Amino acid sequence: MDTSSTPGAAALRAFIEDPEHPERSQAWLAKTLGIAQPSVSGWLSGKSRPEDAHREALEILTGIPRTSWRRPAEHEVVERARAAMLAETADTRDSHPAVG
């Protein structure tokens, strides 16, 4: 699976490679998260993506939004659901006018 184009992978790479923070490394992040360093390497290379709990932990540690790891098709699913909910809300408002 190629996820290298996700904003999450690029943002994590920038976070780790920030020259103002030489203490940051794949090994440091892996130890902080309690995982193996190859997992971090896989995220950076696009061979894998963090599981949900790791996305949340990365958001806390790095400020990278957990949603930034989604592929375009996953964003589309969320946007379809959002549009459906907005349409339903609008339909409900139209069929039940406010009493003024």
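**Exercise 1. A charge and a ring**

Over the ring of which residue does the charged end of Arg-24 sit, and how many Å from its centre?

Solution. Start with the source. The model is predicted, so local features need pLDDT of at least 70, side-chain atom pairs count only at pLDDT 80 or more, and totals for chains, interfaces and linings use all residues. Residues are numbered from 1 along each chain as its sequence is written, and side-chain values use heavy atoms, with hydrogens and water left out.

Step 1. Take the rule: a charge sits over a ring if NZ of Lys or CZ of Arg is within 6 Å of the ring centre and within 35 degrees of the ring normal.

Step 2. Apply it. The charged end of Arg-24 sits over the ring of Phe-15, 3.7 Å from the centre of that ring.

**Exercise 2. The helices**

State how many helices and strands the chain has, and give their order.

Solution. Step 1. Helices (H or I, at least four residues) and strands (E, at least two) are DSSP runs, numbered from the N terminus.

Step 2. The chain has five helices and zero strands. Read from the N terminus, the order is α-α-α-α-α.

**Exercise 3. Aromatic pairs**

Find the aromatic pairs and classify each one.

Solution. Step 1. Rings of Phe, Tyr and Trp (its six-membered ring) pair if their centres lie within 6.5 Å. Planes under 30 degrees apart count as stacked, over 60 as edge-to-face and the rest as tilted.

Step 2. The rule gives two aromatic pairs.

Step 3. Phe-15 and Trp-28 have ring centres 6.3 Å apart and planes at 35 degrees, so this pair is tilted. Phe-15 belongs to helix 1 (residues 7-16) and Trp-28 to helix 2 (residues 26-33), so the pair ties together parts 13 residues apart in sequence.

Step 4. Check burial. Buried means under 20% relative accessible area, exposed over 50%, partly exposed in between (1.4 Å probe, protein chains only). Phe-15, with 11%, is buried. Trp-28, at 30%, is partly exposed.

Step 5. Turn to Trp-43 and Trp-69. Their pair is edge-to-face, with 6.5 Å centre to centre and 65 degrees between the planes. Trp-43 is in helix 3 (residues 37-45) and Trp-69 in the loop between helix 4 (52-62) and helix 5 (72-95), 26 residues apart. Both Trp-43 and Trp-69 are buried.

**Exercise 4. Two helices that meet**

Describe how helix 1 and helix 3 are arranged, and list the residues that make their contact.

Solution. Step 1. Two packed helices are described by the angle between their axes and the distance between the axes. Axes are lines fitted to C-alpha atoms, for helices over the stretch in contact, and angles run from 0 to 180 degrees between N-to-C directions.

Step 2. The axes of helix 1 and helix 3 come within 8 Å and cross at roughly 120 degrees.

Step 3. Angles under 35 degrees count as roughly parallel, over 145 as roughly antiparallel, 65 to 115 as roughly perpendicular and the rest as oblique. Helix 1 and helix 3 are therefore oblique to each other.

Step 4. Contact means heavy atoms within 4.5 Å. Helix 1 supplies Ala-9, Leu-12, Arg-13 and Ile-16, and helix 3 supplies Val-40, Trp-43 and Leu-44.

Step 5. In helix 3, Val-40, Gly-42, Trp-43 and Leu-44 are buried. The buried residues of helix 3 pack against helix 1, helix 2 and helix 4.

**Exercise 5. Two buried residues**

Locate Thr-6 and Ile-64, and list what each one touches.

Solution. Step 1. Thr-6 is in the segment before helix 1. Thr-6 is buried, at 3% relative accessibility. Leaving out residues up to four places away in sequence, Thr-6 touches Ser-68, Trp-69 and Arg-70.

Step 2. Ile-64 is in the loop between helix 4 and helix 5. Ile-64 is buried, at 7% relative accessibility. Neighbours within four places aside, Ile-64 is in contact with Gly-8, Ala-11, Leu-12, Leu-58, Glu-59 and Trp-69.
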